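Trainee: I should like to work through this model step by step. May we begin with the arrangement of its secondary structure elements and then turn to the side chains?

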Amino acid sequence: MSTPNARPKTTSAFLAQAAIAFGVSFFGTGVGICYLPLDISQRGFLAMSVLFLVSSTFTLAKVVRDQQETASVRSRIDEARMERLIAEHDPFKSVA
């Protein structure tokens, strides 16, 4: 039986695949920008756009990850509190 808070493990192959895909796409976009028949200012605009897009993508991924971790921690804290209350509860204790 698996626990509901078990974190999936990222394999090294998946990490390598993600890194290679990022590198290939970033390099391909750079080569595409260099070989487009455009003025230098237009190429610079496209290059800056790509850099801002990559930067904002990393930021968004970090924010989403942080929110998921926060939700996971909150649910574990709530679960621990509930387990403590259940453990401390004595149904046969008389109310005075």
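Trainee: Are helix 1 and helix 2 roughly parallel or roughly antiparallel to each other?

Mentor: Please bear in mind that this is a predicted model. Helix 1 and helix 2, the latter covering residues 40-88, pack with their axes 9 Å apart and at an angle of about 165°. Angles over 145 degrees count as roughly antiparallel. Helix 1 and helix 2 are therefore roughly antiparallel.

Trainee: Which residues of helix 1 make the contact with helix 2?

Mentor: The crossing of the two helices is right-handed. On the side of helix 2, the contact involves Arg43, Leu46, Ala47, Val50, Leu51, Val54 and Phe58. From helix 1 the contributors are Phe22, Phe26, Thr29, Ile33 and Cys34.

Trainee: What is the geometry of the aromatic pair formed by Phe22 and Phe26?

Mentor: A pair of aromatic rings is described by the distance of the centres and the angle of the planes. The protein has 2 aromatic pairs. In the pair of Phe22 and Phe26, the centres are 5.7 Å apart and the planes differ by 15°. Since planes under 30 degrees apart count as stacked, the pair of Phe22 and Phe26 is stacked.

Trainee: How many residues apart are Phe22 and Phe26?

Mentor: Both residues belong to helix 1, which spans residues 12-35. Their separation corresponds to about one turn of the helix, namely 4 residues.

Trainee: Which residues form the aromatic cluster?

Mentor: Phe22 has a relative accessible area of 39% and is partly exposed. Phe26 is also partly exposed, at 34%. One aromatic cluster is formed by Phe22, Phe26 and Phe58.

Trainee: What percentage of the residues of the protein count as buried?

Mentor: The accessible surface comes to about 8,800 Å², with 68% belonging to carbon and sulfur atoms. Residues count as buried under 20% relative accessible area. Of the 96 residues, the buried share is 2%.

Notes: Residues numbered from 1 in each chain as written. Predicted model: local features only at pLDDT ≥ 70, side-chain atom pairs only at ≥ 80, totals over all residues. Heavy atoms only, no water. Buried < 20%, exposed > 50% of the residue type's maximum accessible area, 1.4 Å probe, protein only. Areas by Shrake-Rupley, 256 points an atom, 1.4 Å probe, with all protein chains shown as cover. Phe/Tyr/Trp six-rings, centres within 6.5 Å; stacked < 30°, edge-to-face > 60°. Axes fitted to C-alpha atoms, helices over the stretch in contact; angles between N-to-C directions. Parallel < 35°, antiparallel > 145°, perpendicular 65-115°, else oblique. Left-handed = near helix turned anticlockwise from the far one by under 90°. Contact = heavy atoms within 4.5 Å.
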